[in-house]
Amino acid sequence: MGKYFGTDGFRGEANIDLTVEHAYKVGRFLGWYFGREHKAQIVIGKDTRRSSYMFEYSLVAGLTASGADAFLLHVTTTPSVSYVVRTENFDCGIMISASHNPFYDNGIKIINGVGQKLEAEIEAKIEAYIDEEGPKIPFATREEIGRTVDFAAGRNRYIGHLISIPTRSFKNMRVGLDCANGSASSIAKSVFDAVGAKTYVINNEPDGTNINNGCGSTHIEALQKFVREKHLDVGFAYDGDADRCIAVDEMGNVVDGDLIMYVCGKYLKEEGRLNNNTIVTTIMSNLGLYKACDRAGIRYEKTAVGDKYVCENMMANGHSLGGEQSGHIIFSKHAATGDGILTSLMVMEVLMERKLPLGVLASEVTIYPQLLKNIRVENKAAVKANQTVQEEIEKVARALGDDGRILVRESGTEPVIRVMVEAADDAICEKYVNQVIDVMKQEGLTIA
């Protein structure tokens, strides 16, 4: 983790943690870095936050001042930026978004030339430049000053790519979409309409301040209610930049990323299209997913938390499916990053081919109750090094056996230790989480 860049870019409250000066310097560095041997071409997308326009202009100023040409996709999704970068041969892409965060936050996600998140070593160089520890970058002059190009056509090509993926019409399927008043508002409905679904949409009227506000994948209850009231066949909720998807079945039950990976993974296995017979998960995926995969004969790998690490594993090993419980799902045949709208299309493929409702397909997985508590500590390393704490964690793990698990990990951005237990019921989860936290307190490691 860097000073400014985390696992999902440079993120913070607009003009407090992430300012227009930061954005300008990011643009200045990228324009120079990718333009040392040729005139750099960099594509920019943004979500619907009020501050996204401000950051777009700051980035463009920095890029063009360093001699790069900036191509504007306007309001679009993060996966569309990834798609355009890798198919149109741009040097890199920038997405202005804070994903599922509230409207007053924003972020800068940088995507490399193959459509994946930027390498950490380049992020470190950007951070050094922001702190005036990097190279002195000259201003472009005269004809070397960069251009700004309207590139809405790139977004339209991405929409065409999505429409080309389904192998059959979704005719007669009643589909609900919750666009979170974010990036999906400009894309999702047109895709589902084009492939024949009867599409019902909520939260697709962004006003700059209502993104993720009581809607989308982090407030799934809105879509649950909508699916039940409209008697829909299925529903899909996206986050602010539409790189996540959480589904709702025909009864209004939540189908999260773990369940989506199982439903799609089993289908791909049966069709002979699950590369290496393996799905890639993070350590936070539910124990119930792994037990269901064992029964279905599907192998799995576990990475650190973050779709960045899932993607790295998939690309290194040639796996075709991976993701997170939160709904970041990667189908490597079609995309190099999580794509919420693509995920919903792939779920629809399973429903159409198997002629079964989503609730039936997902019912093969029994989700274990899971409790996560965040504990503020003086020193995260001291907690990991404390023998008494580690012995307690091992004691809990032995007590849970094969019917549960405990996971204790550090936050990447805060002085916090996360204690998570999965078990057969909520009472057991509560008991063992508190048991470990009590030992941390007794050892004087926590902040009151």
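# Rings, cores and strands

Colleague: Phe 29 and Tyr 129: buried or exposed?

Modeller: The model is predicted: local features need pLDDT of at least 70, side-chain atom pairs count only at pLDDT 80 or more, and totals for chains, interfaces and linings use all residues. Residues are numbered from 1 along each chain as its sequence is written, and side-chain values use heavy atoms, with hydrogens and water left out. Buried means under 20% relative accessible area, exposed over 50%, partly exposed in between (1.4 Å probe, protein chains only). For both Phe 29 and Tyr 129 the verdict is buried.

Colleague: How many aromatic pairs does the structure hold?

Modeller: Rings of Phe, Tyr and Trp (its six-membered ring) pair if their centres lie within 6.5 Å; planes under 30 degrees apart are stacked, over 60 edge-to-face, the rest tilted. The number of aromatic pairs in the structure is 15.

Colleague: How are the planes of Phe 29 and Tyr 129 set?

Modeller: The two centres are 6.0 Å apart. With 45° between the planes, the pair is tilted.

Colleague: Why does that pair tie together parts far along the sequence, and how many residues apart are they?

Modeller: Helices (H or I, at least four residues) and strands (E, at least two) are DSSP runs, numbered from the N terminus. Phe 29 sits in helix H1 (residues 20–33) and Tyr 129 in helix H4 (residues 120–130), so the pair joins parts whose separation in sequence is 100 residues.

Colleague: What type of aromatic pair do Phe 90 and Phe 151 form?

Modeller: The centre-to-centre distance is 5.5 Å. With 75° between the planes, the Phe 90 and Phe 151 pair is edge-to-face.

Colleague: How many residues apart in sequence are the parts which Phe 90 and Phe 151 tie together?

Modeller: Phe 90 is buried, and so is Phe 151. Phe 90 lies in the loop between helix H3 (78–88) and strand E5 (92–96), and Phe 151 in the loop between strand E7 (148–150) and helix H5 (152–164), so the pair ties parts with a sequence separation of 61 residues.

Colleague: Which residue has Arg 36 over its ring face?

Modeller: A charge sits over a ring if NZ of Lys or CZ of Arg is within 6 Å of the ring centre and within 35 degrees of the ring normal. Arg 28 does this at 4.0 Å from the ring centre of Phe 139. Ring pairs also link Phe 29, Trp 32, Tyr 33, Phe 34 and Tyr 129 into a cluster. At 5.6 Å from the ring centre, Arg 36 lies over the face of a member of that cluster, Trp 32.

Colleague: Which helix gives the largest share of the largest nonpolar core?

Modeller: A nonpolar core is a set of buried Ala, Val, Leu, Ile, Met, Phe, Trp, Tyr and Cys residues joined through side-chain atoms within 4.5 Å. The largest has 68 residues, and Phe 192, Phe 236 and Tyr 238 touch the most other members. Its largest share, 9 residues (340–354 being the helix range), comes from helix H11.

Colleague: How many residues are in the second, separate core?

Modeller: Leu 18, Ala 68, Ile 108 and Ile 126 are included in it. The residue count of this second core is 32.

Colleague: What is the relative accessible area of Ile 329?

Modeller: Ile 329 belongs to strand E16 (residues 329–331). Beyond four places in sequence, its contacts (heavy atoms within 4.5 Å) include Gly 257, Met 261, Leu 321 and Thr 343. Ile 329 is buried, at a relative accessible area of 0%.

Colleague: Which strands stand at the edges of the open sheet of 7 strands?

Modeller: Two strands pair if DSSP finds at least two bridges between them. The sheet order is E1-E2-E6-E5-E3-E4-E7, with mixed pairing. One side is left without a neighbour in the sheet, because each edge strand has a single partner; these are strand E1 (5–6) and E7.

Colleague: Asn 172 and Asn 181: which is buried and which exposed?

Modeller: Neither is a glycine, yet phi is positive, about 75° in Asn 172 and near 50° in Asn 181. Asn 172 sits in the loop between H5 and strand E8 (174–178), and Asn 181 in the loop between E8 and helix H6 (188–194). With a relative accessible area of 66%, the exposed residue is Asn 172; with 6%, the buried residue is Asn 181.

Colleague: Which residue in E11 stands opposite Ala 237?

Modeller: Strand E10 (residues 234–238) pairs antiparallel with E11 over 4 bridges. They form a hairpin with 6 residues between them. From strand E11 (residues 245–248), Cys 245 and Ala 247 point one way, Ile 246 and Val 248 the other, and all are buried. Opposite Ala 237 stands Ile 246.
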